[in-house]
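Here is a short briefing on one structure and the ligand it holds. Keep the sequence and the 3D view open as you read.

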Amino acid sequence: MIKKNAFIAFEGTDGSGKSTQIALLANALEEAGIRVALTKEPTDADIGKLLRSYLKGERITDHRAIAPLFAADRLDHITAEGGILDLLSKGNTVLCDRYYLSSYAYQGLNCDIDWVIEVNRKARELARPDLHIFLDLPCEISMERVKNRGETEIFEQLEQQKRIRDNFYMLFEKLKDEENILIIDASRSPEEIAKEIRSKVLCTE
Ligand code: TYD
């Protein structure tokens, strides 16, 4: 069994099925008597809203300005009332849809990755996930899903997604001694994926 107030971040390329798996894991944890809180980044607070408008292409700025904005949204998310630290301190297990590994992989496309890691140092010091779950799906499949959803954002193109996935894999190697990362084959049925995640998180294997 995981500790009561674990912090788990879900990661993946766009359209990798994070929302479905977060909901399924939340149900399983609640059934096991664990109190769960769901959250996500970018957030719905001020800086997160600003980020969404950059992601939709409604506003444009340099990628080097976007990276610290994601870090600022994250610091706000960590420290705000009802934010990550608050939820953890109240005994919740927190499931977060994307966290700093997304910044490293996405902002690392256009900025020096070590600088992006540095910009996120305070967030990492304040709230480092007990576990990062990476849902791995071939980008051809995830991009089909994204296209079927309609509106697309600035990172949602096949070649970019492939480079983001490569970045994630480069980071897993680079951070293997610092971060606890679980890579999940997300090309299976939602139930099969959920079963594997559940057994790893609840340590029933
Ligand atoms: P999200 O809403 O999770 O998109 P999806 O459900 O399609 O996976 O994330 C929105 C976009 O924001 C996504 O393209 C990834 C990007 N992003 C970054 O570039 N850096 C970050 O630090 C975060 C948290 C997200």
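Arg98 is placed in the loop between strand S3 (93-97) and H5. Its phi is positive, about 75°, although Arg98 is not a glycine. Arg98 is also among the residues closest to the ligand. Keep in mind that this is a predicted model.

**Backbone points to find**
- Start at Arg98, in the loop that links S3 and H5.
- Then go to Glu41 and Pro42, which are joined by a cis peptide bond.
- The omega angle of that bond is about -5°.
- Pro42 belongs to the loop between strand S2 (36-40) and H2.

**Contacts with the ligand**
- How many residues surround the ligand? There are 17 residues around the ligand, and the closest are Asp14, Arg98, Ser103, Gln107 and Arg149.
- Asp14 has a polar side-chain atom 2.8 Å from an oxygen atom of the ligand.
- For Arg98, a polar side-chain atom lies 2.7 Å from an oxygen atom of the ligand.
- Gln107 places a polar side-chain atom 2.7 Å from a nitrogen atom of the ligand.
- On its own, the ligand has 550 Å² of accessible area, and the protein covers 93% of that.

**The shell around the ligand**
- Three elements give two or more residues to the shell: helix H2 (46-55), helix H3 (63-79) and helix H5 (100-107).
- Which element gives the most to the shell? H5 does, with 4 residues.
- Sorted by class, the shell has 10 charged, 4 nonpolar and 3 polar residues.

**The largest pocket**
- Where does the ligand sit? The ligand is in the largest pocket.
- The volume of the largest pocket is about 570 Å³.
- Its lining is made of 27 residues.
- Asp14, Lys18, Arg52, Arg98 and Glu153 lie nearest the centre of the pocket.
- At least two lining residues come from each of these: helix H1 (18-31), H2, H3, H5 and helix H8 (139-149).
- H5 gives the most to this lining, with 4 residues.
- By class, the lining has 12 charged, 8 polar and 7 nonpolar residues.

**Pulling it together**
- Look once more at Asp14: this residue is among the closest to the ligand, and Asp14 is also among those nearest the pocket centre.
- Arg98 appears in both lists too, as one of the closest to the ligand and one of those nearest the pocket centre.
- H5 gives the most to the shell around the ligand, and H5 also gives the most to the lining of the largest pocket.

Conventions:
Residues are numbered from 1 along each chain as its sequence is written. This is a predicted model: local features need pLDDT of at least 70, side-chain atom pairs count only at pLDDT 80 or more; totals for chains, interfaces and linings use all residues. Side-chain values use heavy atoms; hydrogens and water are left out. A residue is near a molecule or strand if one of its heavy atoms lies within 4 Å of it. A polar contact is a pair of N or O atoms within 3.5 Å; within protein, one must be able to donate a hydrogen and the other to accept it, and residues adjacent in sequence count only if both atoms are side-chain atoms. Accessible areas come from the Shrake-Rupley method with a 1.4 Å probe; for residues, only the protein chains shown count as cover. On a 1 Å grid over the protein atoms alone, a cavity is a set of points where a 1.4 Å probe fits but cannot get out, and a pocket is an open set with protein on both sides within 12 Å along at least five of seven lines; lining residues have an atom within 4 Å of a point. A molecule sits in a cavity or pocket if more than half of its atoms lie within 2 Å of its grid points. Ala, Val, Leu, Ile, Met, Phe, Trp, Tyr, Cys and Pro count as nonpolar, Asp, Glu, Lys and Arg as charged, and the others, Gly among them, as polar. Grid points are joined across faces, edges and corners, and a volume is the space filled by probe spheres set on the points.
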